Amino acid sequence: MLVLGIESSCDETAAAVVLDGREILSSVISSQIEIHKKWGGVVPEIASREHLVKIDPIVDEALEKADVQLKDIEAIAVTQGPGLVGSLLIGVCYAKALAFGLDIPFIGVNHIEGHFFSVELENPPTEYPTMALIVSGGHTNLFYAPERGKYKLVSRTRDDAAGEAFDKVSKMLGLGYPGGPIIEKYAKEGNPKAIKFPIAKISDGRPDFSFSGLKTAVMRYLRENEIESLKENEEPTQEIKDICASFQRTVVVSLIRTMEKQAIEFKPKSLIVAGGVACNQALRDASEKVGKRLNIPVYFPSKHLSTDNAAMIAAAGNFHLENGERSELDMTADVTMRLQNFEVEEAELRRKKVRYRL
Ligand code: KG4
Ligand code: ZN
């Protein structure tokens, strides 16, 4: 089946043509990073206006690169949520109109499930049960999937996402946006053991993540040591590089420890690490080590498929379409869309208020 994927949940307008959920014929991504950079983060209103301008030419480019025409497309998969409502709506309305005009089926896809499927495009078929760490600017989730399409939420962040922590710490240091790649770059020149930042423990004992305390700890460290954020074009000092390395190490250790502990308990046959933060080499190296210790393969998407893209949406959509699922024309964007559909009650319990211990 030839599927056109469309993604517009945050600040990337993306379209892709994917054959049978595995073969990428084209994947075009238009990033708005340059536009949002000066604000230090994504401005939702600007993002949706930009999607509106970009979506049609990006879809055209995806078709052209795949060397196919609209009439060849058999179905459309579009990100339905979670994400920014204005941004999601552009993709959803565009996909619905196109599917209606072409008289072909379409399906709304959970963006996080898209990240989950991103590994399938370039790796051997995932062995199930599997466990997936999905780490991006908007989400930090650890899922257990007993079979394809079934997800149990094992761990989630109680506050900031891991990528968000990278972005906020980068802003504090005056390093720019998005923070992940810049912090990683300077972390390579710093000492990861220079500063001991705390890893939060959740008071109700659940294996969840928390990164807002770490962000505050970095802020406190900067204040107590009178470290000022960098001015434009100023080279970072060794002290700043040490902060980058120590912060990155803390995030990686926090993610990896939980993933390994839960993998020992759930005994998956493979691990998946996906989402924008999966670009981080320190996280990849640490995940590989977990895989070696547990003697199971670890799958990552390539860097192009780690950050937001439409090929992963087409791949996830293909799975649901093959299952006979279809969205109706009254489907709309769902900003709080959840993925867990297996042992849901347990995840619901976790929505209670909680206290943190650092
Ligand atoms: O998946 P993504 O493109 O968008 C969301 O769905 O959120 O992820 C973007 C996030 C940003 O927070 C960015 O700082 C982070 O991924 N990121 C990284 C790296 N590259 C991107 N974080 C750590 N290290 C990196 N190399
Ligand atoms: Zn994403």
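**Zinc site, helix α9 and backbone features of a predicted model**

Me: Is N295 buried or exposed in this predicted model?
Reply: The structure is a predicted model. A residue counts as exposed when its relative accessible area is over 50%. N295 has a relative accessible area of 69%, so this residue is exposed.

Me: Where is N295 found, and what is its phi?
Reply: N295 is found in the loop between α9 and β11, just after α9. Most residues other than glycine have a negative phi. N295 departs from that pattern with a positive phi near 60 degrees.

Me: Which residue in the loop between β2 and β3 has a positive phi, and how accessible is it?
Reply: The loop between β2 (12-19) and β3 (23-31) holds D20. The phi of D20 is near 55 degrees, a positive value in a residue other than glycine. Partly exposed residues lie between 20% and 50% relative accessible area. D20 therefore counts as partly exposed, at a relative accessibility of 42%.

Me: What distance separates the end C-alpha atoms of helix α9, and what span should its residues give?
Reply: Helix α9 covers residues 281-294, which is 14 residues. At 1.5 Å a residue, these should span 20 Å. The separation of the end C-alpha atoms agrees with that expectation, at 20 Å.

Me: Which polar contact is found at the start of α9?
Reply: The side chain involved belongs to N280, and one of its oxygens makes the approach. That oxygen comes to within 3.0 Å of a backbone nitrogen, which belongs to A282.

Me: Against which elements do the buried residues of α9 pack?
Reply: The buried positions of α9 are L283, R284, A286, S287, V290 and G291. Their partners include the strands β6 (130-135), β10 (270-274) and β11 (298-299). The other partners are the helices α8 (238-266) and α10 (303-306).

Me: Which residues are the protein donors of the zinc ion (ligand 2)?
Reply: The donors follow the spacing H-x3-H-x192-D along the chain. They lie 2.0 to 2.1 Å from the zinc ion. The donor atoms are NE2, NE2 and OD, belonging respectively to H111, H115 and D308.

Me: How is the arrangement of the four donor atoms around the zinc ion (ligand 2) classed?
Reply: Four donors count as tetrahedral if all angles lie between 85 and 135 degrees. Here the angles run from 92 to 145 degrees. The upper value goes past the tetrahedral limit, and the arrangement is therefore irregular.

Me: How many residues apart are H115 and D308, and are these two donors buried or exposed?
Reply: Buried means a relative accessible area under 20%. H115 is at 0% and D308 at 12%, so both count as buried. H115 sits in helix α4 (residues 111-117), whereas D308 sits in the loop between α10 and α11 (311-322). The pair links distant parts of the chain, with a separation of 193 residues.

Me: Which residues is H115 in contact with, leaving aside its neighbours within four places in sequence?
Reply: H115 is found in helix α4. Its contacts include the zinc donor D308. The others are I134, A274, G275, G276, S306, T307 and M312.

Me: How far is S31 from D308 in space, C-alpha to C-alpha?
Reply: S31 lies in strand β3 and is partly exposed, with a relative accessible area of 40%. The side chain of S31 reaches the backbone nitrogen of I33 at 3.1 Å. S31 and D308 are 277 residues apart in sequence, and their C-alpha atoms are separated by 9.2 Å.

Me: Which residue has a side-chain N or O atom 2.7 Å from a nitrogen atom of ligand 1?
Reply: Ligand 1 is surrounded by 20 residues, the closest being G137, D167, G180, E184 and N280. Oxygen atoms of the ligand lie 3.3 Å from a side-chain N or O atom of S136 and 3.0 Å from a backbone N or O atom of G138. The side chain at 2.7 Å from a ligand nitrogen belongs to E184.

Me: Where are cis peptide bonds found, and which residues do they join?
Reply: Most peptide bonds are trans. In the loop between β4 (75-81) and α3 (85-102) lies P82, and in the loop between α4 and β6 lies P129. The cis bonds, with omega about -10 degrees and about -5 degrees, join G81 to P82 and Y128 to P129.

Methods. Residues numbered from 1 in each chain as written. Chains lettered and ligands numbered in written order. Predicted model: local features only at pLDDT ≥ 70, side-chain atom pairs only at ≥ 80, totals over all residues. Heavy atoms only, no water. Helix = DSSP H or I, 4+ residues; strand = E, 2+ residues; numbered from the N terminus. Expected span 1.5 Å × (residues − 1). Buried < 20%, exposed > 50% of the residue type's maximum accessible area, 1.4 Å probe, protein only. Contact = heavy atoms within 4.5 Å. Polar contact = N/O pair within 3.5 Å; in protein donor to acceptor, adjacent residues only side chain to side chain. Donors = N, O, S within 2.8 Å, 3.2 Å for Na, K, Ca; no water. Tetrahedral: all angles 85-135°; square planar, octahedral: opposite > 155°, others 65-115°. Near = heavy atom within 4 Å.
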